[in-house]
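Hello,

Here is the structure we talked about handing over. My notes on it follow below.

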Amino acid sequence: MKNTTVLISGASIAGPALALWLARYGATVTVVEKAPTLRTGGQAVDFKGATHRTVLAKMGILDDVLARQTGGTDQTVVDANGQPLATIPGEFTGGDIEIRRGDLAAILYERTRNSCEYVFGDSITSLTDTPGGVHVTFERSAPRTFDLVVGADGIHSNVRRLAFGPEHDYVKHLGYYYALGNLDVVGEGLMYNEPGRMVALGGPKAQSFFVFAADELSYDRYDAEQQKKLVLDAYRGGAWRVPEILTKIPASPDFFLDSISRVDMDDYAKGRVVLLGDAAYGNTLGGFGTGLATVGAYVLAGELLRGDHETAFRRYTELMRGYAKVTKKGNAGPFLAPRKTRGIRMRNWMFNRSLLFGAMMKMTDKFATDIKLPEYTG
């Protein structure tokens with residue numbers, strides 16, 4: 001891929017993972033990220049099964065990831081009086097390897113910062129696809145032309161919007177929202193449900209984790225105070241420790257709210273622009289996003305190594321469309337916050353039955369390994 005210039009939008013997981021492969025294959029890579037710096041901390045992400053481990057090993061980061069893994073955390077589901085009802089095992093929520101998103105991003109950044117150009121605090125404003133390349137304008141940087149552009153910028157992808165069309169054409173709201181925050185609340189591995197809402201303390205996603213049912217809401221994704229108000233309104237009147245938890249939300253320095261949504265796309269490429277990770281096949285809290293992103297990066301880079309971008313994009317789409325089919329079905333909302341009391345009881349009952357739990361684990365393993373990885377030489 002010598003002399004091939006590639007612009008990647010997004011410096012979380014998918015973008016730097018692809019940058020690692022492309023730089024190794026000889027491409028000139030630029031990564032642009034809207035955030036002013038690399039995002040540290042964040043919720044836990046996980047890898048499952050032999051396929052994910054194989055890709056991490058091929059990337060040369062498996063040992064680093066294992067050294068910084070958090071270990072799955074069991075969660076105890078409690079009633080309004082704090083009495084235990086069920087235990088959700090850490091291996092279910094944390095997969096085989098669990099690591100903080102920010103720690104994984106830092107590992108990938110350290111492996112690529114000397115071989116790739118990173119531009120923080122900037123964003124793409126337009127894409128003009130031409131026979132000779134993609135002309136790109138930015139909010140702050142001077143315009144440039146690249147051979148290829150990759151949108152690895154999440155479920156609310158800016159690149160997808162600019163190249164394919166408005167978000168509502170490709171992203172479906174699944175009837176729930178989730179919120180994360182580090183609140184000054186004591187609690188380790190506790191989870192409480194009421195119909196249509198859940199709150200967890202000290203779990204794998206964040207120090208405080210909320211999921212609640214709601215029709216699509218109108219709010220500013222960059223306005224934390226507005227997001228806090230939505231959560232306060234959604235949880236008013238809650239039992240257990242909910243009133244105490246709500247008093248801590250206004251002071252939270254890093255509160256985050258987003259919808260539980262699914263991306264529905266049949267083709268991940270258009271011209272010289274291609275989508276990777278959640279931008280192409282995201283399903284919020286689905287449990288497979290990080291694995292799909294790293295496997296997708298391996299496949300996309302490998303197919304580009306083999307030949308022209310049109311063939312590579314077609315092969316990448318064909319391979320990943322089958323592997324990512326698990327994202328077409330799942331919705332974490334009804335599992336985490338069933339809308340009816342009966343649904344909560346059934347979910348808890350399932351985790352108290354070892355045979356059912358074992359069947360669920362076998363199913364997740366099957367989805368995580370449901371691809372024959374091609375071998376790429378470069």
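**Helix H7 and what surrounds it**

H7 is followed by glycine 237, which has a positive phi, near 85 degrees. Please keep in mind throughout that this is a predicted model.

At the other end of H7, aspartate 223 caps the N terminus: one of its side-chain oxygens lies 3.1 Å from the backbone nitrogen of glutamate 225. The helix covers residues 224–235, and its length is as expected: at 1.5 Å a residue its 12 residues should span 16 Å, and the end C-alpha atoms are 17 Å apart, which agrees. The buried residues of H7 are Gln227, Lys228, Val231, Leu232 and Tyr235. Viewed down the helix axis they fall within an arc of 140 degrees, so they line one face of H7. The elements that cover these buried residues include the strands S12 (171–181), S14 (197–201), S15 (208–213) and S16 (256–263), together with helix H8 (242–248). H7 lies across S12, S14, S15 and S16, and its direction is at about 65 degrees to S15.

The loop between H7 and H8 contains tryptophan 240. Its phi is near 55 degrees, a positive value in a residue other than glycine. Most residues other than glycine have a negative phi. Tryptophan 240 is buried, with a relative accessible area of 16%, where the cut-off for buried is under 20%.

**The seven-stranded sheet**

The strands that H7 lies across belong to an open sheet of seven strands in the order S5-S4-S13-S14-S15-S12-S16, with mixed pairing. Strand S5 (84–88) and S16 are at the edges; each has a single partner strand, so one side of each is left without a neighbour in the sheet. From one strand to the next the twist averages 25 degrees.

Two of the pairings in detail:

- S14 and S15 are antiparallel and share five bridges; alanine 200 has phenylalanine 209 in S15 as its bridge partner.
- S12 and S16 are antiparallel and are joined by eight bridges; tyrosine 176 stands opposite isoleucine 260 in S16.

How many of the eight residues of S16 are buried? Seven are, so S16 is largely enclosed by the rest of the structure, even though it is an edge strand of the sheet.

**The six-stranded sheet**

There is also an open sheet of six strands, again with mixed pairing, in the order S7-S2-S1-S11-S18-S17. Its edge strands, S7 (117–120) and S17 (269–270), each pair on one side only. Strand S2 (residues 28–33) and S7 run parallel and are joined by four bridges; one pair of bridge partners is glutamate 33 and phenylalanine 120 in S7. Helix H11 (residues 309–323) packs on this sheet, touching S11 (148–151), S17 and S18 (273–275), and its direction makes about 20 degrees with that of S18.

Histidine 309 is found in H11. With a relative accessible area of 16%, histidine 309 is buried. Leaving aside neighbours within four places in sequence, histidine 309 is in contact with Leu148, Gly271, Arg272 and Leu304.

**Other points**

Alanine 293 lies in helix H10 (residues 289–306) and is buried, at 5% relative accessible area. Not counting residues up to four places away in sequence, alanine 293 touches Ala14, Leu276 and Gly277. Alanine 293 and glycine 333 are 40 residues apart in sequence, and their C-alpha atoms are 22 Å apart in space.

In helix H13 (residues 341–351), the buried residues are Ile344, Arg347, Asn348 and Phe351. They cover an arc of only 95 degrees around the axis, which puts them on the same side of H13. Arg342 and Arg345, on the other side of H13, are exposed.

Asparagine 3 is in the segment before strand S1 (5–9). Like tryptophan 240, whose phi is positive, asparagine 3 has a positive phi although it is not a glycine, here about 75 degrees. Which is asparagine 3, buried or exposed? At 64% relative accessibility, asparagine 3 counts as exposed, whereas tryptophan 240 is buried.

Regards

Methods. Residues are numbered from 1 along each chain as its sequence is written. This is a predicted model: local features need pLDDT of at least 70, side-chain atom pairs count only at pLDDT 80 or more; totals for chains, interfaces and linings use all residues. Side-chain values use heavy atoms; hydrogens and water are left out. Helices (H or I, at least four residues) and strands (E, at least two) are DSSP runs, numbered from the N terminus. The expected span of a helix is 1.5 Å times one less than its number of residues. Buried means under 20% relative accessible area, exposed over 50%, partly exposed in between (1.4 Å probe, protein chains only). The arc is that of the directions from the helix axis to the C-beta atoms. Contact means heavy atoms within 4.5 Å. A polar contact is a pair of N or O atoms within 3.5 Å; within protein, one must be able to donate a hydrogen and the other to accept it, and residues adjacent in sequence count only if both atoms are side-chain atoms. Two strands pair if DSSP finds at least two bridges between them. Axes are lines fitted to C-alpha atoms, for helices over the stretch in contact, and angles run from 0 to 180 degrees between N-to-C directions.
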